Amino acid sequence: MPHRYRRLRATPAIRNFVRETHLTAHDLLQPFFVIDGKNKKEAIPSMPGIFRFSVDLLLKNMEAYIRLGGRGGVFFGVSRDKDTTGKYAYASSSPVIAAIKAIKKHFPDFLIVTDVCLCAYMSHGHCGIVENKKISNDKTLPILAKMALAHAQAGADIIAPSDMMDFRVAAIRQTLNKEHFQDIGILSYAVKYASAYYGPFRDAAHCAPGFGDRKTYQMDPANSREALKEARRDVEEGADMVMVKPVLAYLDIVSTLRQELNIPIVGYNVSGEYSCIKAAAQNGWVDEKAIVLETLTSIKRAGADIIISYHAKDALKWI
Ligand code: PBG
Ligand code: ZN
């Protein structure tokens with residue numbers, strides 16, 4: 001006897017009972033950009049609704065986010081100090097380190113995830129040490145480990161390396177363990193594609209590469225097989241969770257990792273994905289609330305346990 005599937009769609013009540021995927025506050029991490037100074041709030045033109053904050057205003061903004069139910073965030077330092085050694089990435093003067101300390105003090109239960117990468121601290125904007133116009137994998141590793149350690153010492157809960165150097169998870173894990181930070185987690189940006197969707201972020205974090213592109217370290221969008229290799233290796237090296245980034249054009253990868261791995265999978269709904277929706281919504285071309293909730297739900301349905309999204313704060317108002 002053929003079934004009538006419309007029975008289970010007939011009323012809001014039955015639809016709510018049979019719904020498979022639910023978004024909650026514990027699914028969402030909001031990204032925050034931190035700058036130095038006082039009383040500073042800078043708009044990012046390509047990301048309407050997102051700002052760079054000095055630490056004092058960051059805390060105010062976070063208070064509003066927490067009041068809406070926000071439970072965690074990913075923190076990015078935006079640095080004025082840049083050189084070719086990456087030393088500002090672990091300097092105690094770094095705005096993100098001041099932010100971590102202040103957040104731990106004011107909001108001790110808030111989950112602090114910090115992005116670990118050198119591009120915002122490099123005059124050339126690349127994610128590693130440059131030698132003869134090439135990005136040196138192995139010379140970059142100790143700097144990343146120092147940066148991770150500085151974040152852990154300041155009070156970060158989870159370190160999230162986003163540089164795509166090989167063996168950086170092992171280098172960070174070893175350094176953290178040696179310095180008695182064995183309880184600090186690592187969320188690896190294990191599967192990070194060389195994507196045009198990062199455009200607005202590079203405006204936000206002032207980290208566009210000054211020459212060339214990131215294709216010698218970030219993955220080719222045409223490839224899926226190496227996603228599993230990258231993720232498995234990072235788990236072997238000590239990653240507690242792995243990320244797929246960007247997420248919307250890569251939901252097939254999220255789904256594969258979900259089936260193959262037994263650790264939490266994180267999807268990063270990146271800046272360009274956010275800005276596309278914002279631009280269409282501002283033009284009145286799409287219904288922002290509906291499209292944001294549909295989009296975030298699709299990431300969870302594909303298999304992500306956690307979603308990093310610039311829409312997180314708005315989504316909390318709506319769910
Ligand atoms: C830095 C970094 C980038 C993003 C997160 N960390 C940019 C890049 O790799 O060029 C992108 C995030 C976004 O677009 O929202 N390595
Ligand atoms: Zn980088």
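Mentor: Let's start with a word we'll need: a residue is buried when its relative accessible area is under 20%. And keep in mind that this is a predicted model.

Trainee: Okay, so what makes Phe33 count as buried?

Mentor: Its relative accessibility is 0%, and the cut-off is under 20%, so Phe33 is buried. Phe201 is buried as well.

Trainee: Why is the pair of Phe33 and Phe201 called tilted?

Mentor: The ring centres are 5.5 Å apart, and the planes meet at 55°. Pairing needs centres within 6.5 Å, and tilted covers angles that are neither under 30 degrees nor over 60, so this pair is tilted.

Trainee: Which parts does that pair tie together?

Mentor: Phe33 sits in strand β1 and Phe201 in helix α6, so the pair links parts that are 168 residues apart in sequence.

Trainee: Why is the pair of Phe33 and Tyr310 called stacked?

Mentor: Here the planes are at 10° and the centres 6.3 Å apart. Stacked asks for planes under 30 degrees apart, so the name fits. Tyr310 lies in the loop between β12 and α11, so this pair ties together parts 277 residues apart in sequence. Both rings belong to one aromatic cluster, which also includes Phe76 and Tyr189.

Trainee: Now the metal: what makes the site of the zinc ion (ligand 2) tetrahedral?

Mentor: Its four donor atoms make angles of 98 to 119°. Tetrahedral requires all angles between 85 and 135 degrees, so the site qualifies. Among the residues coordinating this zinc ion are Cys117 and Cys119, each through SG.

Methods:
Residues are numbered from 1 along each chain as its sequence is written. Chains are lettered from A and ligands numbered from 1 in the order in which they are written. This is a predicted model: local features need pLDDT of at least 70, side-chain atom pairs count only at pLDDT 80 or more; totals for chains, interfaces and linings use all residues. Side-chain values use heavy atoms; hydrogens and water are left out. Donors are N, O and S atoms within 2.8 Å of the metal (3.2 Å for Na, K and Ca); water is not among the atoms, so sites may look incomplete. Four donors count as tetrahedral if all angles lie between 85 and 135 degrees; four count as square planar and six as octahedral if opposite donors are over 155 degrees apart and all others between 65 and 115; anything else is irregular. Rings of Phe, Tyr and Trp (its six-membered ring) pair if their centres lie within 6.5 Å; planes under 30 degrees apart count as stacked, over 60 as edge-to-face and the rest as tilted. Helices (H or I, at least four residues) and strands (E, at least two) are DSSP runs, numbered from the N terminus. Buried means under 20% relative accessible area, exposed over 50%, partly exposed in between (1.4 Å probe, protein chains only).
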